[in-house]
Amino acid sequence: MEWMDWYNNLAKPSWTPTGSTIGLIWQILYPIIIASFGYVFVQAFRKKVPWIVALPFAMNLVVNLIFTPIQFGMRNLPLAAVDILIVWGTIIWMTVAIWRHYRWVAVAQVPYFVWVSIATYLQLSITWMNWGE
């Protein structure tokens, strides 16, 4: 079974966004993520912020990127739920870590945080609804 068929056959909440809506949201968020994360990494390389400040950004990037292979490649809903919780938590951590250095970077994470909060609730709901399947 192809990943799309697998996903479409999962039990999901009635409020689940369409694939095109999810894609549109990520098209909006990725430029914000690229610009703000890139800025933080450049500032860390220039030693204008300590690497410990860039650490949650790096961790967030990794756990965000591995979500899709976990969810759709491995088809592991519980592990995907853990992964997205880590994505969510690292957004909070990185926002707190960067606040005193570059407030605009922290504020730029608000739409990302809002979306990942919704996506986390969705993932936890899907995981619960399909537990044991």
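At what angle do the axes of H2 and H6 cross, and within what distance do they come? The legends below take up that pair and then the rest of this predicted model.

**Figure 1. Helix H2 meets helix H6 in this predicted model.** To settle the opening question, the two axes cross at roughly 140° and come within 9 Å. That angle makes H2 oblique to H6, because only angles over 145 degrees count as roughly antiparallel. The crossing of H2 and H6 is left-handed. On the H2 side, look for Ile22, Ile25, Trp26, Leu29, Ile32, Ile33 and Phe37. Their partners on H6 are Pro111, Tyr112, Trp115 and Val116. Sorted by class, this contact of H2 with H6 holds eleven nonpolar residues, no polar ones and no charged ones.

**Figure 2. Helix H2 also packs with helix H3.** Here the axes come within 9 Å and cross at roughly 145°. The crossing of H2 and H3 is left-handed. H2 brings Trp26, Phe37, Val40, Phe41, Ala44 and Phe45 to the contact. From H3 come Trp51, Ala54, Phe57, Ala58, Asn60, Leu61 and Asn64. Eleven of the residues in the contact of H2 with H3 are nonpolar and two are polar, with no charged residues. Trp26 and Phe37 are worth finding in both views, since H2 uses them to meet H3 and they also belong to its contact with H6.

**Figure 3. Helices H3 and H4 pack with their axes 8 Å apart.** The angle between H3 and H4 is about 160°. H3 is therefore roughly antiparallel to H4. This crossing, too, is left-handed. In the contact of H3 with H4, the residues divide into 20 nonpolar, four polar and one charged.

**Figure 4. The largest pocket holds about 640 Å³ of space.** Its lining is made by 26 residues. Good landmarks are Ile22, Trp26, Phe67, Thr68 and Phe72, which lie nearest the centre of the largest pocket. Helices H1 (3–8), H2 (19–45), H3 (51–73), H4 (77–99) and H6 (110–129) each give two or more residues to this lining. By class, the lining of the largest pocket has 17 nonpolar residues, eight polar and one charged. Ile22 and Trp26 will be familiar from Figure 1, where they are part of the contact of H2 with H6.

**Figure 5. The second largest pocket has a volume of about 180 Å³.** Met1, Trp6, Asn9 and Leu10 are among the residues that line the second largest pocket. Arg75, Leu77 and Pro78 also belong to this lining. Thr127, Asn130, Trp131, Gly132 and Glu133 complete the list. The lining of the second largest pocket divides into six nonpolar, four polar and two charged residues.

**Figure 6. The whole chain, for orientation, has six helices and zero strands.** Read from the N terminus, its elements run α-α-α-α-α-α. Along the principal axes, the C-alpha atoms of the protein chain fill a box of roughly 50 × 25 × 20 Å.

How values were computed: Residues numbered from 1 in each chain as written. Predicted model: local features only at pLDDT ≥ 70, side-chain atom pairs only at ≥ 80, totals over all residues. Heavy atoms only, no water. 1 Å grid on protein atoms, 1.4 Å probe; cavity = no way out; pocket = protein on both sides within 12 Å on 5 of 7 lines; lining within 4 Å. Points joined across faces, edges and corners; volume = space filled by probe spheres on them. Helix = DSSP H or I, 4+ residues; strand = E, 2+ residues; numbered from the N terminus. Nonpolar A, V, L, I, M, F, W, Y, C, P; charged D, E, K, R; others polar. Axes fitted to C-alpha atoms, helices over the stretch in contact; angles between N-to-C directions. Left-handed = near helix turned anticlockwise from the far one by under 90°. Contact = heavy atoms within 4.5 Å. Parallel < 35°, antiparallel > 145°, perpendicular 65-115°, else oblique.
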